[in-house]
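Trainee: I would like to learn how to read a protein structure, feature by feature. Could we go through one together?

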Amino acid sequence: RKAHCMLGWDWGPIMPDGGIWKEIYVSFHNGFRLESILVTQEHTGNGEVFLNVLSEVTCENVKYFIDFDHETYEFDSGNPIRIKVKNPRLWYPAGYGKQFLYDFRLKAVWHHEEDEYSCRIGLRKLELVTDDDEYGTSMYFRVNDIPIFAKGADYIIEDSIITRCSAKRTRHLLEQAAEANHNTIRVWGGAFFPHDYFYDICDELGLLVWQDLMFACAQYPNTPEFYDSISKETEDNVKRLRNHASLALWCGNN
């Protein structure tokens, strides 16, 4: 899908593009592929943290090897693994603590085929608190049992000519937000899902991400084909982004 704002918005010109504007490649495999990884966290009341690793692969009887916090763990597809983190160091939003990140690497082996996945993981318990209160219903983030006063801004594309956007420009912009004492960035739903580096930088800077799906105020096709397409779009991006410490909230639209 093209970004809605290419056809004009209140802040930008009408500049629709054409053609492929991200990297494209062909991936070959012999029936085995690591589709996605989900790393969930358990935070106990006494400060312990456990990781549960779930994988999605195209084959059965797969062996896994995990490198995490200077330790190696081995398990197979029939026995999901639960890792106890030794002396866990937590990740906090900017202004509330440090942003410690762990390197996580998983290798999957099936016969003589191999595939890998790697990311950085921040250990945090994040809750969206919507309790009844004297005004109606609360809505705030609580991270590692600390109520967070969310302050930040919308993120739109840095340039109407999107091929001029870059990791360097994005880092500069997000560093300015952090220096302005922001701790939350809302990815506006009228453009496109940012590159991986956007979320990597937010992880590093402690910027919580309020992530819109790409359905800002506009008209959309009412067809089964469109629904099928955006279902795949949503699933792909949820799986791509779900292990980031900075990801705080998915929002349906504008």
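Mentor: Gladly! Let us begin with salt bridges: a salt bridge is a side-chain nitrogen of Lys or Arg within 4 Å of a carboxyl oxygen of Asp or Glu. This is a predicted model, so local features need pLDDT of at least 70 and side-chain atom pairs count only at pLDDT 80 or more, while totals for chains, interfaces and linings use all residues. Residues are numbered from 1 along each chain as its sequence is written, and side-chain values use heavy atoms, with hydrogens and water left out.

Trainee: How many salt bridges does the structure hold?

Mentor: The structure holds 22 salt bridges. One of them joins the side chains of Asp69 and Arg89, at 4.0 Å from N to O. This pair links distant parts of the chain, 20 residues apart: Asp69 is in the loop between β5 (63-68) and β6 (71-76), and Arg89 is in the loop between β7 (81-84) and β8 (102-110). The labels come from DSSP runs, numbered from the N terminus: helices are H or I with at least four residues, strands are E with at least two.

Trainee: Are Asp69 and Arg89 buried or exposed?

Mentor: Buried means under 20% relative accessible area, exposed means over 50%, and partly exposed is in between (1.4 Å probe, protein chains only). Asp69 has a relative accessible area of 22%, so this residue is partly exposed. Arg89 is partly exposed too, with 41%.

Trainee: Which residue meets Lys86 in a salt bridge?

Mentor: That is Glu71, with 3.1 Å from N to O between the side chains. Lys86 lies in the loop between β7 and β8 and Glu71 in strand β6, so the pair ties together parts that are 15 residues apart in sequence. Glu71 counts as partly exposed, at 33% relative accessibility.

Trainee: Where are the partners Glu204 and Arg171?

Mentor: Their side chains meet in a salt bridge of 3.1 Å, N to O. Glu204 sits in helix α2 (residues 196-205) and Arg171 in helix α1 (residues 167-179), 33 residues apart. Salt bridges that share partners join Arg120, Arg171, Glu175 and Glu204 into one network.

Trainee: Now the sheets, please. What holds strands together in a sheet?

Mentor: Strands of a sheet pair through backbone hydrogen bonds, either parallel or antiparallel. Here, two strands count as paired if DSSP finds at least two bridges between them. One open sheet has four strands in the order β6-β5-β8-β9, with antiparallel pairing. β6 and β9 (113-121) stand at the edges with a single partner strand each, so one side of each is left without a neighbour in the sheet. Within this sheet, β5 and β6 pair over six bridges, and the bridge partner of Phe65 in β6 is Glu74.

Trainee: Which strands form the three-stranded open sheet?

Mentor: Its order is β3-β4-β7, and the pairing is antiparallel. The edge strands are β3 (34-43) and β7, each pairing on one side only. β3 and strand β4 (residues 49-57) pair over nine bridges. Thr40 stands opposite Asn52 in β4.

Trainee: One last feature: which residues line the largest cavity?

Mentor: On a 1 Å grid over the protein atoms alone, a cavity is a set of points where a 1.4 Å probe fits but cannot get out, and lining residues have an atom within 4 Å of a point. The lining here consists of Cys5, Met6, Trp11, Gly12, Pro13, Met15, Ile157 and Ser160.

Definitions and conventions
1 Å grid on protein atoms, 1.4 Å probe; cavity = no way out; pocket = protein on both sides within 12 Å on 5 of 7 lines; lining within 4 Å.
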